[in-house]
Amino acid sequence: MPITGVYFIPTTPNATTTLTTLTERLRASFTDEDLAPIGRWFLDHKLMRDTPGLLPASSTQGQRPTKPRYMQLLSLSHYPTHGFIYTSEPTEKPVHPPSTGLPASAASPITSAASPGQGSDVSQGASTAETPMVMTTVPPPAYKTLFQHFTYACQPFWCHRLTVTVPNGVVYDVGDFRVRMGDVRQTVPTVRARGTIVEIEWRGPSVVDSLSGVQDRRTMPGTGEDADSGIDVSFCALEEADVDAEYVATASLIREFWGRLGIAGAKEAILVPGVGKEIKEKLGKARKEKKDGEGKAKNELGILAGFGSMPFEDDVDPTAGTDAARQYMEVLRFNR
């Protein structure tokens with residue numbers, strides 16, 4: 001799972017986007033030897049929000065109104081084996097019945113998962129979720145079916161607020177980076193331009209990317225790896241602090257790269273809440289497996305792939321791209 005950063009440059013409905021300016025500055029900042037267009041990419045993002053009319057009214061004076069809850073569905077062409085679903089967690093624990101003797105005030109908010117660079121390292125440009133969010137991935141057919149289900153069967157509870165797409169983005173290799181750029185077009189509820197989005201992916205040496213590839217080497221045929229060799233000891237020696245440090249260091253490289261383009265007014269999403277969650281889970285599971293002395297290939301598939309996601313066939317790593325998906329969803333969760 002490569003480390004990425006996402007930037008969104010908004011535009012007014014009748015103004016031109018910054019894609020042309022971005023392309024010109026990218027070409028001016030790097031030589032032809034470093035800059036190589038390699039293909040196209042696309043994105044589809046749908047935002048749903050709980051129906052405001054069904055939210056309970058605040059009966060206590062001065063009490064904060066219930067925060068809105070969101071559901072986002074994202075499809076990325078560079079992760080074709082699954083779609084991403086990001087949804088708000090309940091803000092409070094369920095209230096116990098009166099027979100239990102626990103008052104309703106005993107319910108407490110659910111805290112979000114820790115993320116690398118927690119605190120001052122969280123991106124200042126990206127909007128923060130109103131409530132903690134949970135990520136999962138599903139096969140492409142299920143992704144489409146779930147959206148139809150929530151659009152029609154759950155319409156009284158969830159309202160489809162908008163759909164945006166990047167229909168024809170461009171991909172460049174620039175040294176140790178891969179850059180994806182494209183114009184964001186809103187298709188629902190009305191057709192309009194929303195701005196330009198840029199994903200900057202670090203493709204240089206990366207412990208995080210190597211860790212996410214452990215399972216690939218042990219499950220894909222023809223790789224020359226011994227499926228019964230167990231987990232690489234070097235990965236088991238890593239700590240979560242090492243993963244956090246790499247995210248922070250790579251974020252600095254991505255910000256330096258973006259700074260060379262000189263584009264003002266962009267919303268940034270790099271060290272967003274939850275980034276690195278799946279990598280840490282893989283690391284923890286791998287270390288536990290080594291400690292317990294379990295090196296069976298049949299266990300590696302369950303340990304190294306898709307923790308927290310729906311397991312399904314033909315997807316070597318269901319958690320691939322979850323960091324990038326969180327970043328896209330942060331900047332595409334417009335004020336709705």
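Before you click on anything, one term: a residue is buried when its relative accessible area is under 20%, exposed when over 50%, and partly exposed in between (1.4 Å probe, protein chains only). What you have open is a predicted model, where local features need pLDDT of at least 70, side-chain atom pairs count only at pLDDT 80 or more, and totals for chains, interfaces and linings use all residues. Residues are numbered from 1 along each chain as its sequence is written, and side-chain values use heavy atoms, with hydrogens and water left out.

**Stop 1: helix α1**

Select residues 19-29, which make up helix α1. Helices (H or I, at least four residues) and strands (E, at least two) are DSSP runs, numbered from the N terminus. Colour L19, L22, T23 and L26: these are buried. They sit on the same side of α1, because they cover an arc of only 100 degrees around the axis (the arc is that of the directions from the helix axis to the C-beta atoms). Now turn to the face pointing away from the buried side, and you'll find T20, E24 and A28 exposed.

What do the buried residues of α1 pack against? Show β1 (4-10), β2 (35-50), β6, β7 (177-188), β8 (192-202) and α6 (240-259); contact here means heavy atoms within 4.5 Å.

**Stop 2: the sheet**

Next, show the strands. Nine of them form an open sheet in the order β5-β4-β3-β2-β6-β7-β8-β1-β9, with antiparallel pairing; two strands pair if DSSP finds at least two bridges between them. At the edges are β5 (133-138) and β9 (267-269), each pairing on one side only. From one strand to the next, the twist averages 20 degrees. (Axes are lines fitted to C-alpha atoms, for helices over the stretch in contact, and angles run from 0 to 180 degrees between N-to-C directions.)

Zoom in on β1 and β8, an antiparallel pair with seven bridges. Pick G5 and you'll see that its bridge partner in β8 is I200. Then add helix α9 (residues 322-332), which packs on the sheet and makes about 20 degrees with the direction of β1.

**Stop 3: the core**

A nonpolar core is a set of buried Ala, Val, Leu, Ile, Met, Phe, Trp, Tyr and Cys residues joined through side-chain atoms within 4.5 Å. The largest one has 63 residues, and L26, I197, W258 and Y328 touch the most other members. Strand β6 (residues 158-174) supplies the largest share, seven residues. A separate core of ten residues includes I85, F147, F150 and W158.

Centre on W258: leaving aside neighbours within four places in sequence, W258 contacts residues including Y7, L22 and I200.

**Stop 4: aromatic rings**

There are seven aromatic pairs to hunt for. Rings of Phe, Tyr and Trp (its six-membered ring) pair if their centres lie within 6.5 Å; planes under 30 degrees apart count as stacked, over 60 as edge-to-face and the rest as tilted.

Try W41 and Y328: their ring centres are 6.1 Å apart and their planes at 45 degrees, so this pair is tilted. W41 is in strand β2 and Y328 in helix α9, so the pair ties together parts 287 residues apart in sequence. W41 is buried at 2% relative accessible area, and Y328 is buried at 0%.

Move on to Y79 and F84, whose ring centres are 6.2 Å apart with planes at 85 degrees, so they count as edge-to-face. Finally, select F30, F177, W202 and F257, a cluster linked by ring pairs.
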